Amino acid sequence: MKVSGAPSIGDIVEVRAVKPRRGLVVGTKGAEVGILYFKPSVVRGTPTDFIWWIHRTHVKIISAA
């Protein structure tokens, strides 16, 4: 169980940006987390396996790993 509340690999998260999207955390780099969206088709022009690096303050944990 996590104590800090910071997203980690395996967590299901919601990215709170212009339009909330859900995805899986697949990596971490400092204050950023790498997210693979569940529905990548909603972001036009991106490959289905594209990893988005987003600052963790913009991410809400839905289900911890």
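Two strands count as paired if DSSP finds at least two bridges between them. Keep that in mind for this one. The model is predicted. With that rule, β2 and β3 pair in the antiparallel sense, over six bridges. Strand β3 covers residues 32-37.

Let me step back to the whole chain. There are five strands and zero helices. Along the sequence the pattern reads β-β-β-β-β. The chain has 65 residues, and 26% of them are buried. About 4500 Å² is exposed, with carbon and sulfur atoms supplying 57% of that area. Now contacts. Take those with a separation of 6 or more: residues 24 or more positions apart account for 38% of them.

Next, the sheet. How are the five strands ordered? The order is β4-β3-β2-β1-β5, in an open sheet with antiparallel pairing. The edge strands are β4 and β5, and each pairs on one side only. β5 spans 59-63. From one strand to the next, the twist averages 50 degrees. As a reminder, strands of a sheet pair through backbone hydrogen bonds, either parallel or antiparallel.

Let's walk through the pairings, starting at β1. Towards β5, β1 runs antiparallel and is joined by four bridges. One position to look at there is E14, whose bridge partner in β5 is K60. Towards β2, residues 21-29, β1 is also antiparallel, again with four bridges. Here I12 stands opposite L24 in β2. The connection from β1 to β2 is a hairpin through five residues.

Then on to β3. L24 has a bridge partner on this side too: L36 in β3. β2 and β3 form a hairpin with two residues between them. Look at G30 in that turn: its phi is positive, about 60 degrees.

Now a few single residues. First, I12, which sits in strand β1, residues 12-15. Buried or exposed? I12 has 29% relative accessibility, so it counts as partly exposed. The cut-offs matter here: buried is under 20%, exposed is over 50%, and partly exposed is in between. Which residues does I12 touch, leaving aside neighbours within four places in sequence? The contacts are G23, L24, F38, K60, I61, I62 and S63. Take G23 from that list. G23 is eleven residues from I12 along the chain, yet their C-alpha atoms are separated by 5.8 Å.

Second, E14. How many salt bridges does the structure hold? One. E14 forms a salt bridge with R22, and the closest N and O atoms are 3.6 Å apart. The two partners fall in separate burial classes. E14 has a relative accessible area of 18%, so E14 is buried. R22 comes out at 45% relative accessibility, and therefore counts as partly exposed.

Third, the surface. There is a nonpolar patch formed by L24, V26, F38, I51 and W53. Together they have about 400 Å² of accessible area. Two of these names came up earlier: L24 and F38 are both among the contacts of I12. W53 is in strand β4, residues 52-55. At 36% relative accessibility, W53 counts as partly exposed, because that value lies between the 20% and 50% cut-offs.

To recap. Five strands, no helices. An open antiparallel sheet, in the order β4-β3-β2-β1-β5. One salt bridge, between E14 and R22. And a nonpolar surface patch that includes L24 and W53. That's it from me.

Terms used. Residues numbered from 1 in each chain as written. Predicted model: local features only at pLDDT ≥ 70, side-chain atom pairs only at ≥ 80, totals over all residues. Heavy atoms only, no water. Buried < 20%, exposed > 50% of the residue type's maximum accessible area, 1.4 Å probe, protein only. Contact = heavy atoms within 4.5 Å. Areas by Shrake-Rupley, 256 points an atom, 1.4 Å probe, with all protein chains shown as cover. Patch = residues over 30% accessible without salt bridge, like charges linked within 9 Å, V, L, I, M, F, W, Y side chains within 5 Å. Salt bridge = Lys/Arg side-chain N within 4 Å of Asp/Glu carboxyl O. Axes fitted to C-alpha atoms, helices over the stretch in contact; angles between N-to-C directions.
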